[in-house]
Amino acid sequence: MSAPESSGSGRARRKFLSDAESHVRDSGHRSFVRRTLTGYYSSRDTQKARYRSWEHARDAASLAKWSAVNRLDELLPQFVERFEANGGTVHWARTADEARAIVLELVAKAKASSIIKSKCMTSEEIHLNAALEDAGYGVVESDLGEFIQQLRGEPPYHFVFPCMHVRRDEISELFRERLGSAPTDSPEELTMIARRHLRQLYVDADIGISGANFLVAETGQVSITENEGNARLTVALPRVHIAISGIEKVVERLDDLAVLLPMLATAGAGQPMTCYNTLYAGPRRDGEPDGPDEMHLVLLDNARTALLADPEQRDALYCIRCGACLNVCPIFKNVGGFTYGTTYQGPIGSVITPHLRGLAEWSHLSGASSLCGACSDACPVRIDIHHHLLHNRRNAATSSPNRVEKMAHAAFRAVASRPALFALGGALFRKSYWALRRLPLPLLKGWLATRDLPAPPQRSFRQEWRRRAGRDG
Amino acid sequence: MKVDLFIPCFVDQMTPQVGLSVSKVLERLGHSVAFRSAQTCCGQPSFNAGYWDEARAVAIRAIKVFDGAEAIVGPTGSCVAMMRAFYPELLAGTPHEGAARDLASRVFELSEFLVEKLGVVDVGARFPHRVTYHDGCHGLRELRIKEAPRKLLRAVEGLELVECDEPESCCGFGGLFSVKFPMISTAMAEVKGESLARTGCDYVVSGDPSCQLQLAGWMARNGRQARFAHIAEVLAGDAT
Ligand code: SF4
């Protein structure tokens, strides 16, 4: 896939490098994040062990998404038809701008004065909150983690655990300051403080905005999975419900959820199932006691069809946003969620951000990886995540090569093609090692600043081997 | 069996003794060992940096160099993964695709060659030390090598094998990544290095000289006591 723009400004890259630099110095934060994830590892492993075969379950989940993504042209219209037959209304958005405009129009039409919102990464992707606030609407996040981040004025740190980087005492202090609550160290009490604050807001809100985890083509239902029950209230209490979803969330059958829902919970959060799994099939019908009068679904493309057209990386659309790849990623753990500067952090974010926002400006994220592959092993739908980092690197080197790098690799190729030259180059390097150390070579300096480098041996292997042959022969 | 050594550029120039230990182990088991001196590099640096045209030329050359070799054995999971896992993709759709697949079926990392291909676990080595093993990620996840080196080490007389608490964490080397993003690479070395140090082992043993460069470099700079040995050196009785 080619990049929307041919050369980046380098701003995102420079910011990434300087943020990474300062983040790695904060060893307290880094070990806090590592410790937070330790509990997740053990519960994830316990839950995985309950599957007869986790690997076969991954095959099944991957197959369900493979078959849906590859038949999106057929399943998406089928979903839309049934969703509308259930009484919902679909709005198509090609871009983030279109999606924001659609939501703003719906909000205006409903003459809304207050909006409540449950967790929705797609809304982060289109920067919806800022647009609503600019238009004069108040919007409150009802997911606890998102609520905390909203109060802190920060985007999510991790797209599943938005405030995993915040210590409990910081939350207590934040609530005391902003909500006037008494300080507490108890997680239950902190949750209750937020709930008490939010309760009336659900009742007062005219509009509830949610995301969607899966769109079931067979039934036209929207599946939303959550742990706090806040999404149910967000959807059911206000007059108007607006769900926002990427087009890739379609699955063919209701049965597909039998494997996808538990795997989403286990892979991402180490749970057997997420606490609340709800299927929404349109607005309240006659005779039903609750539910919204209107249910709207904004279906967002935002570069997804372009990704669909790329056979090599199409599987990135299988992503169910479970967060497992972030949880195991040594880059994420060491640079933290904010350093990415993206809506989607971690390995999958590094893969898809260049597609969403331009390869030239965002290819450095694909470079910032040791290619260890922990992400691909963790992914419940078997996305070839770390190999796509290689593909992005190749696409970037092809569409906007760095002149110096290109020359260096061409030179390396020339040397590696001639064994005599290769041996000579090696010998020169070994002989001039101490002199090289004193030269201002940025790459070598980068190594030596934090790590020792042993002096090279006198003889190379090929020289040793020749000597040995001489001795033996 | 006639075995051809695959000595990656890095081993050739920086750790020649590892190559010698490989041949010693194989010869002791009764195999004849050859080294084709036309070999240079597998092309991984250019491949990983995204310069696939350059990598392709180097790969095609390497395939020709090893033409006709029955078994090719190298002391690194990383460069073997380059040949086995990535050459077929790199050369897909070219006239060399078939040859790449053929090479992929003949190239082995040392420990998997001994255990899976030759069925050997005990090579008759002795190494009376507490040892922890560091998995290189390419070996672990591209080649799925996890048990082979451990089986070999457990069979070494006097050797006590201990696992660290970050057994599957990356050392942070990642080739050019280590110098293009030195701060992240170093943070990763710190996490893994501290975990290895916590085992209190006498030796860190690994199947990848490049991981060893990274970990030993960080540990030495930060005063963590650990000696390093390549698994070939332990098996050959060459570790010091
Ligand atoms: S890429 Fe895979 S592991 Fe990462 S969030 Fe998506 S589904 Fe989960």
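Q: Which residues are linked with A:R382 in a network of salt bridges?
A: In this predicted model, A:E55, A:R58, A:D59 and A:R382 are linked in such a network.

Q: Why is the pair A:R382 and A:D59 called a salt bridge?
A: The side chains of A:R382 and A:D59 come to 2.7 Å, N to O, and since the rule asks for an Arg or Lys nitrogen within 4 Å of a carboxyl oxygen of Asp or Glu, the pair therefore counts as a salt bridge.

Q: What makes this pair a tie between parts of chain A?
A: A:R382 lies in the loop between α19 and α20 of chain A, whereas A:D59 lies in helix α3 of chain A, so the pair ties together parts that are 323 residues apart in sequence.

Q: Why is A:R382 called partly exposed?
A: The relative accessibility of A:R382 is 30%, and because partly exposed is the class between 20% and 50%, the name fits.

Q: Is A:K117, which forms a salt bridge with A:E141, buried or exposed?
A: A:K117 has a relative accessible area of 1%, and because buried means under 20%, A:K117 is called buried; A:E141, at 2%, likewise counts as buried.

Q: How do you know that B:D12 and A:R462 form a salt bridge?
A: The closest N and O atoms of B:D12 and A:R462 are 2.9 Å apart, and because the limit is 4 Å, the pair meets the rule. Across the interface of chain B and chain A, the rule finds 8 salt bridges.

Key. Residues are numbered from 1 along each chain as its sequence is written. Chains are lettered from A and ligands numbered from 1 in the order in which they are written. This is a predicted model: local features need pLDDT of at least 70, side-chain atom pairs count only at pLDDT 80 or more; totals for chains, interfaces and linings use all residues. Side-chain values use heavy atoms; hydrogens and water are left out. Helices (H or I, at least four residues) and strands (E, at least two) are DSSP runs, numbered from the N terminus. Buried means under 20% relative accessible area, exposed over 50%, partly exposed in between (1.4 Å probe, protein chains only).
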